[in-house]
Amino acid sequence: MKSHTPSLPLEVLQQFRVIYGTMRQYFRALEQCCGLPGSQMWILQEVERTPTIGVTELAQRLGIHQSTCSQLVDRLVGQGYLEKQKAASDRRRVGLILAASGRALIARLPGPAEGVLPAALTSLPEVALKTLHINLAELIGHLQETDEQFARIPLAEMVRNAE
């Protein structure tokens with residue numbers, strides 16, 4: 001006798017849809033509230049957490065390529081949300097600080113700028129996170145074509161560019 005419930009692969013696919021849809025909905029709300037995409041708001045949030053942070057460390061924290069981070073930072077500086085500041089001890093080192101308008105945007109954040117998925121992953125027990133990591137690696141291995149460059153693009157940008 002056939003079951004009327006979806007097959008397990010379809011159920012898992014639906015779980016991915018819930019995750020993607022939830023991220024998309026969150027980043028839309030964040031952009032409506034703040035006027036900037038989530039990736040740019042995440043940069044502002046990280047600069048608020050660590051004033052005078054450099055672009056290299058910032059890129060590492062966001063898990064993105066340094067050139068991508070530099071472009072996003074330059075955009076935020078150009079819009080007046082961030083300021084570059086030379087370090088007193090080493091004039092060659094440039095750190096980032098929030099401008100007053102950047103602080104005002106951070107105050108309007110409806111939740112974490114990096115999105116709801118990183119927060120959810122952080123809240124998982126370590127054994128569950130390790131299991132998920134192993135299982136997702138297995139799934140990626142079964143994909144016909146993969147592009148590892150996607151790993152270095154902020155989720156907010158992927159969701160935004162898909163619209």
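This section describes helix α4, the nonpolar core, the cysteines and the salt bridges of a predicted model.

Helix α4 covers residues 66-78. At 1.5 Å a residue, its 13 residues should span 18 Å, and the end C-alpha atoms are 18 Å apart, which agrees with the expected value. The buried residues of this helix are C69, L72, V73 and L76. Viewed down the axis of α4, these buried residues fall within an arc of 100°, so they line one face of the helix. An α-helix has 3.6 residues a turn, so residues three or four places apart point the same way. The buried residues of α4 pack against two helices, α2 (38-49) and α3 (55-62), and against two strands, β1 (82-86) and β2 (94-98). On the other side of α4, Q71 and G78 are exposed. T68 is also found in α4; with a relative accessibility of 27%, T68 counts as partly exposed. The C-alpha atom of T68 is separated by 20 Å from that of G35, and the two residues are 33 places apart along the chain. Just after α4, G80 adopts a positive phi of about 85°.

Contacts between α2 and the region of α4 can be followed from Q40. Q40 lies in helix α2 and is buried, its relative accessible area being 3%. With residues up to four places away in sequence not counted, Q40 touches L72, R75, L76 and Q79. Of these partners, L72 and L76 are among the buried residues of α4.

The largest nonpolar core has 30 residues. Those with the most contacts inside this core are M41, I43, L44, V47, L58 and L82. The elements that give two or more residues to the core are the helices α1 (8-34), α2, α3, α4, α5 (100-107) and α8 (155-161), together with strand β2. V47 illustrates the contacts of one core residue. Leaving aside neighbours within four places in sequence, V47 is in contact with I53, L58, L82, L96, I97 and L98. Among these partners, L58 and L82 are also listed with the residues that have the most contacts inside the core.

The count of disulfides comes to 0. The cysteine sulfur closest to that of C33 belongs to C34 and is 4.2 Å away, which is too far for a bond, because a disulfide requires sulfur atoms within 2.5 Å. C33 counts as partly exposed at 30% relative accessibility. C69 is likewise in no disulfide, and the nearest cysteine sulfur, that of C34, is 19 Å away. C69, one of the buried residues of α4, has a relative accessible area of 0%.

The structure holds 5 salt bridges, of which three are described here by their residues. R61 forms a salt bridge with E46, and the closest N and O atoms of the pair are 3.1 Å apart. R61 lies in helix α3 and E46 in helix α2, so this salt bridge ties together parts that are 15 residues apart in sequence. R61 is partly exposed, with a relative accessible area of 35%, whereas E46 is buried, at 6%. R61 also meets the side chain of E57 in a salt bridge, with an N to O distance of 2.9 Å. E57 and R61 are 4 residues apart in helix α3 and are therefore separated by about one helical turn. E57 counts as partly exposed at 34% relative accessibility. E46, R49, E57 and R61 are linked in a network of salt bridges.

A further salt bridge joins the side chains of K84 and D74, at 3.1 Å from N to O. This pair links distant parts of the chain, with K84 in strand β1 and D74 in helix α4, 10 residues apart. K84 is partly exposed, with a relative accessible area of 47%, and D74 is partly exposed at 43%. Strand β1 is also among the elements against which the buried residues of α4 pack.

Conventions
Residues numbered from 1 in each chain as written. Predicted model: local features only at pLDDT ≥ 70, side-chain atom pairs only at ≥ 80, totals over all residues. Heavy atoms only, no water. Expected span 1.5 Å × (residues − 1). Buried < 20%, exposed > 50% of the residue type's maximum accessible area, 1.4 Å probe, protein only. Arc of directions from axis to C-beta. Contact = heavy atoms within 4.5 Å. Core = buried A, V, L, I, M, F, W, Y, C linked by side-chain atoms within 4.5 Å. Salt bridge = Lys/Arg side-chain N within 4 Å of Asp/Glu carboxyl O.
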